[in-house]
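Here is a friendly walk through a protein model. Keep the 3D view open beside you and turn it as you read.

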Number of protein chains: 2
Amino acid sequence: MISVQQALDIIDRFPNRFSSVEVKLQDALNLVLFEDVFSPINMPPFRQSAMDGYAIQYSEAEKFTVIEESKAGDSTNYTLKPTEAVRIFTGALVPDHADTVIMQEHVEREDQFIQIQKMPSKFANIRKTGEQIKTGELALKKGTKLNEAAIGFLACLGVTTVSVYKTPSVAILVTGNELQQPGTDLEIGKIYESNSVMLKAALQKSGIKDIKIIAVKDDYDATKICVKKALQANDILLVSGGISVGDYDFVKEALLENDVEELFYKINQKPGKPLWFGKKENTYVFALPGNPASALTCFYIYTLPLLRKMCGFKNNHLQKVIAKSKSVIKNPSQKTLFLKAYLESEFVEILQGQSSAMLYTYAMSNVLICVDSETAEVNIGDEVTCIKLDV
Amino acid sequence: MISVQQALDIIDRFPNRFSSVEVKLQDALNLVLFEDVFSPINMPPFRQSAMDGYAIQYSEAEKFTVIEESKAGDSTNYTLKPTEAVRIFTGALVPDHADTVIMQEHVEREDQFIQIQKMPSKFANIRKTGEQIKTGELALKKGTKLNEAAIGFLACLGVTTVSVYKTPSVAILVTGNELQQPGTDLEIGKIYESNSVMLKAALQKSGIKDIKIIAVKDDYDATKICVKKALQANDILLVSGGISVGDYDFVKEALLENDVEELFYKINQKPGKPLWFGKKENTYVFALPGNPASALTCFYIYTLPLLRKMCGFKNNHLQKVIAKSKSVIKNPSQKTLFLKAYLESEFVEILQGQSSAMLYTYAMSNVLICVDSETAEVNIGDEVTCIKLDV
């Protein structure tokens, strides 16, 4: 049995290599750039008017003749004499002969003439070519998470595809003769299978799209075959159930028989003690406890950081905050405890129903309180570490 | 021209009605329950063993005969005599005749006999029928946001569909002759259209799936027809561009001509002054400024809260935090300023490049600093309100 920190350190050695994939820009939300992106164009691509107004050659003159009009999108590069002006709109091409745009609010127009009321400084109200970025300059660094603004920025540079960290494909293998699919009346001795839909939702929330669910009975040969198939086609295999000490837990044998190297088994924690972690080539395997709340805790603490690291995230662990406990917590077991709790401003309260079979409490929680194995007691007002669940 | 608060107050009066939709549980992640959900079953549905061990009738006896075995999923309800035991596993049906489960670690087994080393208290290690929830009891309240734990909880109760707030359908109407679709070399006077892909990404991040993009030239009749179609089929219409003061901005007229009621136009803010908000029946219209950064700011401050409210969220505005400014901010204009900035622990710094045409700065920001119209100057160390962008 190892400590929580030892388990985290082992997982933190992986992955051994990262994969990239080329995706369309519009499909790249929340993905992380695998390579630097350089601008294919100047932005703005030409001298743009920053205002609705009149483009002129800067001078002491007070009256100009309006000879043409340049709307956004127009391509004509009008020739201007010193006291001629071009009516111009925001975003429109500023003629090469013009060096200044006067805001429309600062002129008085009469027919084709404008009378200047307030001359701006020379070069005013013109966005220079490449002012935002020049052709070949670094647009976004590798490692940047593509949010909506980053996507908009690359789109305005004409970028249509990007190389990003490949999000891992995940198989969820669900074991247990007691599990029945929802949609029919429960048979005696059975319960509805819920871990796969729960884990799938947790994976989706983390941006994973390629998720397969495989159900298998408590049978060694069937488990072995399913594990083999899942290992071939996925970056991560989550096994739900079948890893505790009962005589009918085949999972560990099935994994070892498939040449999955055991990296650890059992952590000095509650819940989630029988977590098993292993690796075969570039596929990582977490055998999670069958109890739903234990499975979810192990997912948050151990699986999610590896997943997020594979996706290219730098802050790959769930965020921690310190809060004052509103509850007394006893920890005579010398295990690390993860307790479902509710954080409100700087106070955190343990919720009723910490049993590892109970998901209701989890649904009402927004943090896990982490009490380390050396802390025997937490009193009201003591500071505790909270792991935030709302990713 | 109205203040930011007045604009927010007007939007906050809507929507006038909420819509619900029935979805499959596995598709309900991050959606909000429109109705209370009651449990269709007892959970656990039968008396379950909480341990791997032996089920017995509690007594003073020290030796029991193991007569049968009850695995998880087995349905046989074995009959037990006072000194008989059933080998039992976690989650398995506890026979009606048994009232206590002894942990396997607390017995010594020899062939079909077990010798008790530590007798637990009566009724120990048995999860009672309905201990987590009983048939007909409230499982989750309306208004609950369905996270992965809530989905797992409902799945274990056999719930397969849920009634949730319908996420609005959104059309994005993009106007501007200067806009060119990416994928070809830029023509003179044109820029790549980026607002639609940016807004689409922002909508997707907020859980909106039904998003249509409509491009239209700067032409009054074409704009009018596109607006009409978009109003018929969507809950929200976002118009990008065409709402400032230029002679070729047709959008306002096209909206009014389609009987969209104007609820406000122009806000005393920078950027995003020419924001227009209106309503036709149950469709809401935001005409956003064409400059990408202005459009995104208006989206975050005004559109997103309405969207999130329609989705059933209680905290529908982006989260605000107070931080200490690392920058001097001058605000002689008496407008509310929204400045792209980077927050790190309790300090926030304004980023270079606040021009409303620049998205790069936005891509690097994690907050907007909000400086209200009455604040003429912010000095280093002053507390400022930051609006968090990472939803």
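Chain B can be laid on chain A by a rotation of 180° with 0.0 Å of shift along its axis, and the RMSD of that fit is 0.0 Å. That is the relation of a two-fold axis. The same surface serves both copies, since 100% of the contact residues of chain B recur in chain A. Please keep in mind that this is a predicted model.

**The domains of chain A**

How is chain A divided? The domain assignment gives domain 1 (4-18 + 167-310), domain 2 (20-43 + 131-165), domain 3 (48-127) and domain 4 (320-388). Taken over C-alpha atoms, the centres of domain 1 of chain A and domain 2 of chain A are separated by 35 Å.

**A helix with two sides**

Now look for helix α4 of chain A, which covers residues 220-233. This helix has 14 residues and spans 21 Å from its first C-alpha to its last, close to the 20 Å expected at 1.5 Å a residue.

Which residues of α4(A) are buried? They are A:Thr223, A:Cys226, A:Val227, A:Ala230 and A:Leu231. Seen down the axis of α4(A), these buried residues fall within an arc of 135°, so they line one face of the helix. There is a simple rule behind such patterns: an α-helix has 3.6 residues a turn, so residues three or four places apart point the same way.

What covers the buried residues of α4(A)? The cover includes the strands β13 (170-175), β16 (211-216), β17 (236-240), β20 (276-280) and β21 (283-288) of chain A, along with α5 (251-257) of chain A. On the other side of α4(A), the exposed residues are A:Ile225, A:Lys229 and A:Gln232.

The start of α4(A) is worth a look too. There, a side-chain oxygen of A:Asp219 comes to within 3.2 Å of the backbone nitrogen of A:Asp221.

**Some backbone details**

Next, try finding two residues of chain A with a positive phi, although neither is a glycine. The table puts them side by side.

| Residue | Phi | Loop in chain A | Relative accessible area |
|---|---|---|---|
| A:Lys266 | about 80° | between β18 (261-265) and β19 (269-270) | 23% (partly exposed) |
| A:Gln334 | about 55° | between β23 (329-330) and β24 (336-344) | 58% (exposed) |

Chain B offers cis peptide bonds to find. One of them joins B:Met43 and B:Pro44, with omega about -5°. B:Pro44 sits in the loop between β2 (37-38) and β3 (48-49) of chain B. Another cis bond runs from B:Lys270 to B:Pro271, with omega near 0°. B:Pro271 belongs to the loop between β19 (269-270) and β20 (276-280) of chain B.

**One residue of chain B**

Finally, find B:Ile322 in strand β22 (residues 320-325) of chain B. Is B:Ile322 buried or exposed? Its relative accessible area is 54%, and exposed means over 50%, so B:Ile322 counts as exposed.

What does B:Ile322 touch, leaving aside its neighbours within four places in sequence? B:Ile322 is in contact with B:Glu383, B:Val384 and B:Thr385. For a sense of distance, pick out B:Pro95 as well: B:Ile322 and B:Pro95 are 227 residues apart in sequence and 59 Å apart in space, C-alpha to C-alpha.

How values were computed. Residues are numbered from 1 along each chain as its sequence is written. Chains are lettered from A and ligands numbered from 1 in the order in which they are written. This is a predicted model: local features need pLDDT of at least 70, side-chain atom pairs count only at pLDDT 80 or more; totals for chains, interfaces and linings use all residues. Side-chain values use heavy atoms; hydrogens and water are left out. Helices (H or I, at least four residues) and strands (E, at least two) are DSSP runs, numbered from the N terminus. The expected span of a helix is 1.5 Å times one less than its number of residues. Buried means under 20% relative accessible area, exposed over 50%, partly exposed in between (1.4 Å probe, protein chains only). The arc is that of the directions from the helix axis to the C-beta atoms. Contact means heavy atoms within 4.5 Å. A polar contact is a pair of N or O atoms within 3.5 Å; within protein, one must be able to donate a hydrogen and the other to accept it, and residues adjacent in sequence count only if both atoms are side-chain atoms. Domain bounds come from an automatic or database domain assignment. Copies are superposed by least squares on the C-alpha atoms of residues with pLDDT of at least 70 in both.
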